[in-house]
Amino acid sequence: MATAVRICVCGDEGTGKSSLIASFVKDVFVANKIQSVLPIITIPPYTSAPENVTTTIVDTSARPQDRLTLRKEIRKSNVILLVYSDHYSYERVALFWMPYFRSLGVNVPVVLCANKADLTAEGSTAQVFEEEMLPVMTEFREIDSCIRTSAKEARNVVEVFYLCQKAVIHPIAPLYDHKEGQLKPACVEALRRVFWLSDKDQDGYLSDQEMHEFQAKAFEKPLLLEELENIKSTVGKAIPSSATEKGVDLAGFLFLNKLYAEKGHHETIWAIVRKHHYTDSLSLEDSFLHPRFDVPDYASAELSPAGYRFFMDLFLTFDKDNDGGLNDQELAALFAPTPGLPSSWAETSFPSSTVRNDAGHITLQGWLAQWSMTTFLEPKTTLEYLAYLGFEAPNGRDLTTPALKITKARKRRRRPGRVERNVVLCYLLGSSGAGKSSLIDAFLNRPFDGVYHPTIKPRRAVNSVELHGGKQCYLILEELGELEPAILENQAKLDACDLICYTYDSSEPDSFSHIVELRKRYPQLDELPAIYTALKADRDKTTQRSELQPDTYTSAINMNPPMHVSITWNISELFVALAEAATNPSTAFPKSDEPPPDRTSLYLALTATSCAALAAFMIWRRSTNSA
């Protein structure tokens with residue numbers, strides 16, 4: 001929103017431009033001829049000015065020799081006050097002035113002023129508007145508003161400059177299409193989102209209580225009972241079905257705002273949308289969608305308790321059929337005020353990336369898990385959607401960052417103890433056909449599919465896991481697909497990973513050798529905690545074509561032997577083991593066979609040597625003093 005208004009007063013000579021300015025500034029009419037051009041006048045904020053802005057008024061001359069100055073001032077202004085006073089100067093509005101403004105390429109609102117109303121023939125303002133002003137406004141959409149004034153009688157002098165200020169601070173052009181007689185699409189979309197956010201119970205109506213809350217947020221003052229009844233009465237007369245005992249529906253809400261635009265009260269619409277973080281172009285403020293939120297190296301982002309509560313409440317509000325899942329219609333209604341599903345969700349084939357019910361609809365467990373994964377991988381996306389969906393911080397401020405928290409950095413993974421993380425990422429590595437995709441399906445409680453489908457793009461899945469002791473954490477399993485080499489060469493990707501799960505098919509003789517070659521090719525993997533897993537253990541175990549068999553290999557590098565599991569068994573213990581290793585990474589590194597050295601004798605020897613040296617020094621010093 002503009003903080004200053006620069007008004008360029010234009011019009012033919014003798015139309016009373018300077019008298020109008022002098023009457024506004026000095027509050028008196030100057031009968032004598034005023035100099036052709038008044039000096040530039042800057043007026044500090046005053047009570048009646050919209051938003052208390054600073055206003056600069058620039059008088060201009062229409063003489064040919066002053067045309068260069070006129071062009072410069074028009075281009076520097078952000079609103080033009082075009083003054084006419086008789087038939088000749090009125091004709092020049094359409095024939096010269098408006099085409100001239102267009103030729104300069106200026107894109108600012110124009111306020112049309114019929115001055116010297118005290119000298120014109122008697123006629124109602126409505127008649128003058130109908131016969132003179134409306135045809136010009138229809139032809140030139142740049143004209144924001146029009147007014148009749150008289151500097152001599154001080155008629156509408158303050159009002160005309162107020163209209164100029166209003167045209168800049170509260171422009172009508174982005175909101176309302178005069179030709180179509182409708183609110184513009186961008187304005188409608190903004191008001192739809194405002195209605196969605198205000199309809200707390202999502203029943204399609206703004207109840208009396210919701211109207212009071214909306215009034216308090218948008219205008220910071222209470223809504224009187226009489227005003228509320230007047231609003232419902234106005235809407236009910238125009239659209240009977242839009243004002244019921246339940247309240248005012250979306251159609252009625254849009255009608256009300258259209259009425260504000262038609263009556264010249266478009267500052268009311270601006271107050272509403274700006275309070276909901278819209279810019280002058282009716283897009284959401286970038287600082288609101290993308291607040292600063294930096295995640296330090298080796299740390300991660302997670303939802304805070306306030307963030308989890310917000311997404312849980314959102315799920316429960318939109319689960320209209322109370323079946324414990326969000327169907328396609330309920331998801332569409334939930335994401336109505338957003339651009340749609342986050343692009344990363346589409347890439348992971350949401351909702352197949354998390355827990356669904358038998359009907360294929362995402363459950364509350366899956367919903368919270370999905371947002372946990374999104375926050376871990378791309379916290380800025382979560383912040384953006386928190387803004388779209390109307391998160392309100394517990395302290396009442398319009399910030400989304402309290403919905404997230406930063407975990408403590410875990411740079412030293414080999415240090416004993418748990419890391420302070422509730423969301424962890426595990427890469428699944430192994431040869432093609434080892435069973436990684438089936439492992440992910442089992443992780444999400446999906447039935448086993450015996451048909452082999454090679455993984456091309458990376459595939460992620462997330463679910464909650466209960467650790468020993470009852471604590472919950474969210475485990476993300478990621479199969480890298482054909483991007484495996486690129487990801488394993490990317491140190492930033494490895495730093496974000498909490499655990500490597502090496503998988504092989506215990507019934508396929510060439511499966512384990514892939515792990516051996518992988519660790520040779522990417523020695524940086526040794527810096528990550530790891531677990532070895534033998535899949536398809538329900539089949540006959542075969543000897544691996546590898547220099548060392550899996551148990552011998554893991555023993556040689558001081559790692560635990562592979563866990564033998566099968567998708568056809570209950571493998572929840574594997575996921576618990578993965579989550580435990582990720583949250584307690586020192587347990588998934590090679591173990592040292594040698595006990596820590598006993599340095600007690602070393603410490604005693606050093607102490608004795610120090611004492612002997614000190615005694616010798618004292619004896620030498622005493623003998624020196626005696627001498």
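**Entry 1: the EF-hand span**

I started with residues 306–341, where the chain is 56% helix and 6% strand. The C-alpha atoms at the two ends of this span sit 22 Å apart. I was working with a predicted model, so I kept that in mind throughout. UniProt, in an unreviewed entry, gives residues 306–341 the feature "domain: EF-hand".

Inside that stretch I stopped at N322, which lies in the loop between α12 (305–318) and β13 (325–326). N322 is not a glycine, and yet its phi is positive, about 55°. Is N322 buried or exposed? I found it exposed, with a relative accessible area of 64%.

**Entry 2: the Miro annotation**

Next I looked up "domain: Miro", which the unreviewed UniProt entry places at residues 2–170 and 421–584. I checked residues 421–584 and found 29% helix and 24% strand. The end C-alpha atoms of that span are 10 Å apart.

**Entry 3: a covered helix**

Helix α17 (residues 436–443) caught my eye next. How many of its eight residues are buried? I counted eight of eight, so the helix is mostly covered by the cut-off of under 20% relative accessible area. Among them are K436 and D441, along with L439, I440 and F443.

I then asked which elements the buried residues of α17 pack against. I noted five strands by name: β16 (423–430), β17 (459–466), β18 (472–479), β19 (499–505) and β20 (530–535). The helix α22 (572–583) is also a packing partner. After α17 comes N445, with a positive phi near 60°.

**Entry 4: F101**

I moved to helix α3 (residues 87–103), which holds F101. F101 has 3% relative accessibility and counts as buried, because the cut-off is under 20%. What does F101 touch, beyond its neighbours within four places in sequence? I listed C10, I74, I80, L82, V106 and V110.

I also took the distance from F101 to N257. They are 156 residues apart in sequence, and their C-alpha atoms are 31 Å apart in space.

**Entry 5: backbone oddities**

I reminded myself that most residues other than glycine have a negative phi, and that most peptide bonds are trans.

K116 departs from the first habit, with a positive phi near 60°. I located K116 in the loop between β5 (110–114) and α4 (125–139). K116 is partly exposed, with a relative accessible area of 27%.

For the peptide bonds, I noted that the one from F350 to P351 is cis, with omega near 5°. P351 belongs to the loop between α14 (343–347) and β14 (362–363).

**Entry 6: stepping back**

Finally I looked at the whole protein chain, which has 23 helices and 21 strands. Why do I call the chain more spread out than a compact globule? Its radius of gyration is 37 Å, well over the 25 Å that the globule rule gives for 627 residues. The C-alpha atoms fill a box of roughly 110 × 95 × 50 Å along the principal axes.

I noted that 48% of the 627 residues count as buried. Among contacts between residues at least 6 apart in sequence, 70% join residues at least 24 apart. The accessible surface comes to about 31,600 Å², and carbon and sulfur atoms hold 53% of it.

My last look was at charge: I found 66 positive and 80 negative side chains. The centres of the two sets lie 7 Å apart.

Methods:
Residues numbered from 1 in each chain as written. Heavy atoms only, no water. UniProt positions renumbered as here; feature names shortened; annotations may be inferred. Helix = DSSP H or I, 4+ residues; strand = E, 2+ residues; numbered from the N terminus. Rg over C-alpha atoms; globule rule 2.2 N^0.38 Å. Buried < 20%, exposed > 50% of the residue type's maximum accessible area, 1.4 Å probe, protein only. Contact = heavy atoms within 4.5 Å. Areas by Shrake-Rupley, 256 points an atom, 1.4 Å probe, with all protein chains shown as cover. Lys, Arg positive; Asp, Glu negative; His and termini not counted. Charge placed at Lys NZ, Arg CZ, Asp CG, Glu CD.
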